[in-house]
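Q: I'd like a close look at one part of this protein: the helix packing, and what sits around it. What meets what there, and how does that fit into the rest of the chain?

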Amino acid sequence: MTAHNGIMTTRRNIDFRAAHVCVEAAVTHGLRVGVPVAAAVVDGSARMTAFLRSGGAFVRSTDIAVNKAETAAGFRLETGALYGMVKDNAAVLEGLRSLPGAALFGGGVPIMFANEVIGAIGVSGGSEDQDIECARAGIVAIEALLAGKSQALGNERGPADD
């Protein structure tokens, strides 16, 4: 639950089962197209929920995938779209670049359910377009799961989870 203007609200978050489906689909898609990648899923509060890295993926792809997922969840939009929104505003761009772990290039995608961001996936290891493609493969897998199983969602447990 979160307090909002004195009213308690419930926020849905992706749980570990759905998050694992998502990272596995992203990494499997990468292998299918010949790109070893790392994939991370965070919940709606940008907390790590699942991670998977295929053999041969760059070691630094681990950190980049996590950064992309956290950025997409934190700003509730795709990382490439975030850059597109701020690229012409030097002050805002510099401010975002100064945030530790901010990723301002494609491969981070929010995970939506019932018009709500319940998490995000970040993928790294290929080109920007390949990372986006793999993230979208993870999103397709999670959408198929969520369409049939609403128990793939968890609810926040308390104000400390914000």
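A: One cut-off before we start: a residue counts as buried when its relative accessible area is under 20%. By that yardstick, 44% of the 162 residues of the protein are buried. Bear in mind that this is a predicted model.

A quick bit of orientation. The protein has 5 helices and 8 strands, and along the sequence they come in the order β-β-β-α-β-β-α-α-α-β-β-α-β. Take the contacts between residues at a separation of 6 or more: 67% of them join residues that are 24 or more positions apart.

Now to the helices. Two packed helices are described by the angle between their axes and the distance between those axes. For α1 (residues 16-32) and α5 (residues 128-148), the axes come within 7 Å and cross at roughly 140°. Since a pair has to be over 145 degrees to count as roughly antiparallel, α1 is oblique to α5. The crossing of α1 past α5 is right-handed.

Who does the touching? On the α1 side you'll find A18, A19, V21, C22, A25, A26, H29 and G30, and on the α5 side E133, C134, A137, G138, I139, A141, I142 and L145. Sorted by class, the contact of α1 with α5 has 12 nonpolar, 3 polar and 1 charged residues.

Some of those α1 residues turn up again when you look at the strands. Start with A39, which is in strand β4 (residues 38-43). Its relative accessibility is 0%, so A39 counts as buried. Setting aside neighbours within four places in sequence, A39 is in contact with V23, A26, V27, A50, F51, L52, A65, I121, G122 and V123. A26 is one to pick out: it is in the A39 list, and it is also among the α1 residues that meet α5. There's a long hop in sequence here as well: A39 and G125 are 86 residues apart along the chain, with their C-alpha atoms 9.0 Å apart.

T49, in strand β5 (residues 48-53), gives you another view. Again leaving out neighbours within four places, T49 contacts I14, D15, F16, A19, H20, V41, V42 and D43. A19 does double duty here, as T49 touches A19 and A19 belongs to the α1 set that meets α5. The side chain of T49 also has two backbone partners: a polar atom of that side chain lies 3.4 Å from the backbone nitrogen of D43, and the side chain reaches the backbone oxygen of R47 at 3.2 Å.

Before α1 in the sequence there's R11, in the loop between β2 (7-9) and β3 (12-14). You might have guessed that an arginine in a loop would stick out, but at 16% relative accessibility R11 counts as buried. The R11 side chain makes a polar contact with the side chain of S45, at 3.0 Å.

The other helix pair to check is α3 (residues 79-86) with α4 (residues 90-97): their axes come within 8 Å and cross at roughly 145°. Here L82, Y83 and V86 of α3 meet V92, L93, L96 and R97 of α4. By class that contact has 6 nonpolar, no polar and 1 charged residues.

Follow L96 onwards and you reach A102, in the loop between α4 and β6. Apart from neighbours within four places in sequence, A102 is in contact with T71 and L96. A102 is partly exposed, at 30% relative accessible area. A102 and N67 are 35 residues apart in sequence, yet 6.0 Å apart C-alpha to C-alpha.

Finally, two loop residues with a backbone twist. Most residues other than glycine have a negative phi. R76, in the loop between α2 (61-75) and α3, goes the other way with a positive phi of about 60°. R76 is partly exposed, with 40% relative accessible area. N115 also has a positive phi, near 60°, and it is in the loop between β6 (108-113) and β7 (116-124). At 78% relative accessible area, N115 counts as exposed.

Note on methods:
Residues are numbered from 1 along each chain as its sequence is written. This is a predicted model: local features need pLDDT of at least 70, side-chain atom pairs count only at pLDDT 80 or more; totals for chains, interfaces and linings use all residues. Side-chain values use heavy atoms; hydrogens and water are left out. Axes are lines fitted to C-alpha atoms, for helices over the stretch in contact, and angles run from 0 to 180 degrees between N-to-C directions. Helices (H or I, at least four residues) and strands (E, at least two) are DSSP runs, numbered from the N terminus. Angles under 35 degrees count as roughly parallel, over 145 as roughly antiparallel, 65 to 115 as roughly perpendicular and the rest as oblique. A crossing is left-handed if the near helix is turned anticlockwise from the far one by less than a right angle, and right-handed if clockwise. Contact means heavy atoms within 4.5 Å. Ala, Val, Leu, Ile, Met, Phe, Trp, Tyr, Cys and Pro count as nonpolar, Asp, Glu, Lys and Arg as charged, and the others, Gly among them, as polar. Buried means under 20% relative accessible area, exposed over 50%, partly exposed in between (1.4 Å probe, protein chains only). A polar contact is a pair of N or O atoms within 3.5 Å; within protein, one must be able to donate a hydrogen and the other to accept it, and residues adjacent in sequence count only if both atoms are side-chain atoms.
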